[in-house]
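Student: I'm new to this one and don't know where to look. Please pick one part, take me through it slowly, and then show me a few other spots worth a look.

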Amino acid sequence: CERVTMLGLLPGLVASYQYSVALVNVLISLMAIPLANLLWPRFLAQATHEGVDAMLESCALVVAPLVLVLLGCCTFAARFSVEIVQLLFARGSFDSVSVVHTSQALGATVFAAIPVSLFTIFSRILYSQGRGRAIAAAGISIAVIGSGIVLLAGRLGSVTLVQWHWVVSNSVGLMMIL
């Protein structure tokens, strides 16, 4: 749905979006996934001995600083998206138009790092409690909301809306998981 819609909106939009998502995934992989993996054994122990309150307290100690760091990184990446894209990708057939499209996509998609990272950490709490259905419901909501936004963007012809669908749908999924 995402790729087909993007192909119909603007030439090169799919590639620009994929480049930006790859950069955001690096940020998530460097910050959220290691933290989630470090916390998970603690969550498992707390689930059997201490309960949900202990898990949430442990999580709060990590999530607050993580959000601040991610907010800074995302704001920096959005502000300097043109420079980042030029530095990383501008060579060969990746021309100035590609730089503009990819930097616009990065400016939109980079903020998805926050809800995706928090979803990753909070889902570990639910996994520790054996609440896989709650995670599945949140994941389905992300897919449905994201697809709906993409289809609406295609109907409206909005490149901006289609680029922000990842942020919006993952924010809804995070709210559900919370």
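Tutor: What follows is a walk along one helix, then a stop at a few other places. Bear in mind that this is a predicted model, where local features need pLDDT of at least 70, side-chain atom pairs count only at pLDDT 80 or more, and totals for chains, interfaces and linings use all residues. Residues are numbered from 1 along each chain as its sequence is written, and side-chain values use heavy atoms, with hydrogens and water left out.

Let's start with helix 7, which covers residues 132-156. Helices here are DSSP runs (H or I, at least four residues), just as strands are E runs of at least two, numbered from the N terminus. Helix 7 has 25 residues, and from first C-alpha to last it reaches 36 Å, close to the expected 36 Å. That expected span is 1.5 Å times one less than the number of residues. Just after helix 7 comes Gly 157, with a positive phi near 70°.

Which residues of helix 7 are buried? They are Ile 135, Ala 138, Ser 141, Ile 142, Gly 146, Ile 149, Val 150 and Ala 153. Buried means under 20% relative accessible area, exposed means over 50%, and partly exposed is in between (1.4 Å probe, protein chains only). The buried residues of helix 7 pack against helix 1 (2-9), helix 6 (113-128) and helix 8 (159-177).

Now zoom in on Ser 141, which counts as buried at 11% relative accessibility. Its side chain reaches the backbone oxygen of Ala 138 at 2.6 Å. Setting aside neighbours within four places in sequence, Ser 141 is in contact (heavy atoms within 4.5 Å) with Gly 146, Gly 173 and Met 176.

Next, hop over to Ala 36, which sits in helix 2. Ala 36 is buried, with a relative accessible area of 0%. Apart from neighbours within four places in sequence, Ala 36 touches Thr 120, Ile 121 and Arg 124. Along the chain, Ala 36 and Phe 122 are 86 residues apart, yet 8.3 Å separates their C-alpha atoms.

Last stop: the rings. There are six aromatic pairs in the structure. Rings of Phe, Tyr and Trp (its six-membered ring) pair if their centres lie within 6.5 Å; planes under 30 degrees apart are stacked, over 60 edge-to-face, and the rest tilted. One of the pairs is Tyr 19 with Phe 94, which is edge-to-face, at 5.3 Å centre to centre and 85° between the planes. Tyr 19 lies in helix 2 (residues 13-49) and Phe 94 in the loop between helix 4 (81-89) and helix 5 (96-109), so this pair ties together parts 75 residues apart in sequence. Tyr 19 is partly exposed, at 33% relative accessible area, while Phe 94 counts as buried at 12%. Phe 94 has another ring partner in Phe 89: their centres are 5.7 Å apart with planes at 35°, so that pair is tilted. Phe 89 and Phe 94 are both buried. Put together, ring pairs link Tyr 19, Phe 89 and Phe 94 into a cluster.

Notes
A polar contact is a pair of N or O atoms within 3.5 Å; within protein, one must be able to donate a hydrogen and the other to accept it, and residues adjacent in sequence count only if both atoms are side-chain atoms.
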